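Biologist: I have the model open, but I'm not sure how to read the helix packing. Can you walk me through it?

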Amino acid sequence: MTESEKAQQIVAALRSAEASPPDAALQTLNGLMGLVRSPSAEQPLEVEEARSAAFMSICEVGKALHRGQPTDALWPAAVSASQRWLALVK
């Protein structure tokens, strides 16, 4: 799977998970970790940083969901970070 395909899948899954109940959203996010955790090949530094930012923001949403904390402000940041990654790898 290419970096672009990974990023596209993550953006789509985040949008879907945002509208899901917390338990379902958390399961979706856990399923994304393998896609966002490591690149498929060496990437330019800017792409690596964007992928890392997406990973961290998805982790923040996951932590909040796991703890039962509000996530309203976290979802847009995760989607935005993932979209930036997608824009860089297209």
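**Reading the helix packing**

Modeller: Let's begin with one pair: α3 and α4 cross in a left-handed way. A crossing gets that label if the near helix is turned anticlockwise from the far one by less than a right angle, and is right-handed if clockwise. The helix names come from DSSP runs (H or I, at least four residues; strands are E, at least two), numbered from the N terminus.

Biologist: Before we go on, what am I looking at?

Modeller: A predicted model, where local features need pLDDT of at least 70 and side-chain atom pairs count only at pLDDT 80 or more, while totals for chains, interfaces and linings use all residues. Residues are numbered from 1 along each chain as its sequence is written, and side-chain values use heavy atoms, with hydrogens and water left out.

Biologist: At what angle do α3 and α4 pack?

Modeller: Axes are lines fitted to C-alpha atoms, for helices over the stretch in contact, and angles run from 0 to 180 degrees between N-to-C directions. Here α3 and α4 (residues 74–89) pack at about 160 degrees, their axes 8 Å apart. That makes the pair roughly antiparallel (over 145 degrees; under 35 is roughly parallel, 65 to 115 roughly perpendicular, the rest oblique).

Biologist: Which residues of α3 and α4 make the contact?

Modeller: Contact means heavy atoms within 4.5 Å. On the α3 side they include Val47, Ala50, Ala54, Ile58 and Leu65, and on the α4 side Trp75, Ala78, Ser82, Trp85 and Leu88. The α3–α4 contact residues divide into 16 nonpolar, two polar and four charged. In that count Ala, Val, Leu, Ile, Met, Phe, Trp, Tyr, Cys and Pro are nonpolar, Asp, Glu, Lys and Arg charged, and the others, Gly among them, polar.

Biologist: And how do α2 and α3 cross?

Modeller: The axes of α2 (residues 22–37) and α3 (residues 45–67) come within 10 Å and cross at roughly 155 degrees. They are therefore roughly antiparallel, and α2 passes α3 in a left-handed crossing. Leu26, Leu29 and Met33 are among the α2 residues there, and Phe55, Ile58 and Cys59 among those of α3. The α2–α3 contact residues divide into twelve nonpolar, two polar and two charged.

Biologist: Why look for a core at all?

Modeller: Because nonpolar side chains tend to be buried together in soluble globular proteins. A nonpolar core is a set of buried Ala, Val, Leu, Ile, Met, Phe, Trp, Tyr and Cys residues joined through side-chain atoms within 4.5 Å. In this model the largest one has 26 residues, and Ile10, Leu14, Leu29, Trp75 and Trp85 have the most contacts inside it. The elements giving it two or more residues are α1 (3–18), α2, α3 and α4. Take Ile10: beyond its neighbours within four places in sequence, its contacts include Leu32, Ile58 and Trp85.

Biologist: Is Ser82 buried or exposed?

Modeller: Buried means under 20% relative accessible area, exposed over 50%, partly exposed in between (1.4 Å probe, protein chains only). Ser82, in α4, comes in at 0%, so buried. Leaving aside neighbours within four places in sequence, Ser82 touches Ile10, Val11, Leu14, Ala54 and Ile58.

Biologist: And where does Leu88 lie?

Modeller: In α4, and Leu88 is partly exposed at 29%. With the same four-place neighbours left aside, Leu88 is in contact with Glu46, Val47 and Ala50.
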